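Here are my notes on the model you sent over. Have it open while you read, and go through the points in order.

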Amino acid sequence: MNTIPPVDLVRQYKNISDEIDRAVLEVVRSGRYIGGAIVSDFEEQLAEYVGTSHCISCNSGTDALYLALRALNIGAGDEVITTPFTFIATAETISLAGAKPVFVDIERNTFNMDISAIEAAITPQTKAIIPVHLFGQPVNMARLMDIAQKHNLYVIEDCAQSTGAKWGGNIVGNIGHVGCFSFFPTKNLGTCGDGGAITTNDPAIAQTIRVIKEHGSAQRYYHDVVGINSRLDSIQAAILRVKLSYLEQWNEQRREVARRYHQLLASIPNIQLPQETNGGDHVWNQYTILVKNQSSQEKTTRDDLREKLQEKGIISMIYYPIPLHLQKVYQNLGYKNGAFPIAEQAAEEVLSLPMFPDISVEEQEQVAYALGDYFS
Ligand SMILES: *Cc1c(COP(=O)(O)O)cnc(C)c1O
């Protein structure tokens, strides 16, 4: 039985292996493994692509969020508003910076934070909002920036899943005060290891981030603030320079894959297909459907379907099974079951189907056939 994986990184590598091998070997042979022109070139290329005047590379998307919060001087006594339906890093870094995450519910149709719920969550302690462009779909940044400006709040865009997505024609990461990117292998721009970056148009924020990510020093061995070590390796930067040149093509392939799923799955009952917001340009890091629960058992229809797909070699994923306000780590925040009903229901119904730029038509047809079969 051939399996259909959620993501196939080897297939992507094979298509560009000559270029990747050459780029990696060049670094290995140069003896320059940390920093250097390769890293600064990549930073310049990403800044140009996103359209910001500054880009600072770092070790991961998690570090990018942490560094952004630190550079904006967000810490003890401050609150940051975000979504409970995201990867833990979004909220975890708020806590690591010493501030308190405050959640608002999401919209069922986009899985993104419900902008109309933000104002009610603002207090005198609120310093920033972190919108997450989840699954590759941009948040309505026009409405979000209006609210942020009105209340004098910073906006840190979590672009980890949305490199290349656009809102109103602008690439995300160039709309808020700071944009945070992850190059984890399965992201739209993923490397062969860990990596991250921060984009901004504010030179002072950029400089502060450079200081904090280098042990709090602007001049080596002179330390002004408590910093961390967060670097993008030269090998990863070399790989990312190659891959960035393919990103637009891959994102277009992802859009095609999404269009094909829309067609193939349109008539299957009991599932809701992902929807696109007007004004946004989705880059489909995930193709996530909602499986309405028809089961009175402990096991949801979604979980049962997932098992049946797996028996047929189709591997689907659940992003995310538990919203952040119900995680053990955040019990201290005092949120109860029912606090964010849309996020909680989504956690029980979401199912992400195999999605990567070079999935074949036959594989997508197999996925659609298996889904149709389950509900017939
Ligand atoms: C992947 C991800 C991160 C963290 O990125 P890492 O590079 O894995 O640290 C942050 N936020 C979201 C929404 C993500 O999907």
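**Notes on the predicted model**

1. Let's begin away from the ligand, with a side-chain pair: R255 and D281 make a polar contact of 3.2 Å through their side chains. Keep in mind throughout that this is a predicted model. R255 belongs to helix α10, which runs over residues 247-265. Is R255 buried or exposed? Its relative accessible area is 15%, and R255 counts as buried because the cut-off is under 20%.

2. Now the ligand. There are 14 residues around it, and G61, T62, Q161, S182 and K187 come nearest. As for where it sits, look at the second largest pocket. Two elements give two or more residues each to the shell around the ligand, namely α4 (61-71) and α5 (89-96). Of the elements, α4 gives the most, with three residues.

3. What is the make-up of that shell? Seven of its residues are polar, five are nonpolar and two are charged.

4. Three side chains deserve a closer look for their distances to the ligand. T62 has a polar side-chain atom 2.5 Å from a ligand oxygen. For Q161, an N or O atom of the side chain is 2.8 Å from an oxygen atom of the ligand. With D158 the ligand partner is a nitrogen atom, which is 2.8 Å from an N or O atom in that side chain. How much of the ligand does the protein cover? On its own the ligand has 380 Å² of accessible area, and the protein covers 92% of that.

5. Next, a glycine in a loop. G75 lies between α4 and β2 (79-82); α4 is also the element that gives three residues to the ligand shell. G75 has a relative accessible area of 10%, so it is buried. Which residue should you look at alongside G75? Try A99: the two are 24 residues apart in sequence, yet their C-alpha atoms are 4.6 Å apart in space.

6. Last, T200, which is part of strand β9 (residues 196-200). With a relative accessibility of 1%, T200 is counted as buried. There is a long-range pairing to check here too: T200 and S53 are separated by 147 residues in sequence, while the C-alpha to C-alpha distance is 6.6 Å.

Key
Residues numbered from 1 in each chain as written. Predicted model: local features only at pLDDT ≥ 70, side-chain atom pairs only at ≥ 80, totals over all residues. Heavy atoms only, no water. Near = heavy atom within 4 Å. Polar contact = N/O pair within 3.5 Å; in protein donor to acceptor, adjacent residues only side chain to side chain. Areas by Shrake-Rupley, 256 points an atom, 1.4 Å probe, with all protein chains shown as cover. 1 Å grid on protein atoms, 1.4 Å probe; cavity = no way out; pocket = protein on both sides within 12 Å on 5 of 7 lines; lining within 4 Å. Sits in = over half its atoms within 2 Å of the grid points. Helix = DSSP H or I, 4+ residues; strand = E, 2+ residues; numbered from the N terminus. Nonpolar A, V, L, I, M, F, W, Y, C, P; charged D, E, K, R; others polar. Buried < 20%, exposed > 50% of the residue type's maximum accessible area, 1.4 Å probe, protein only.
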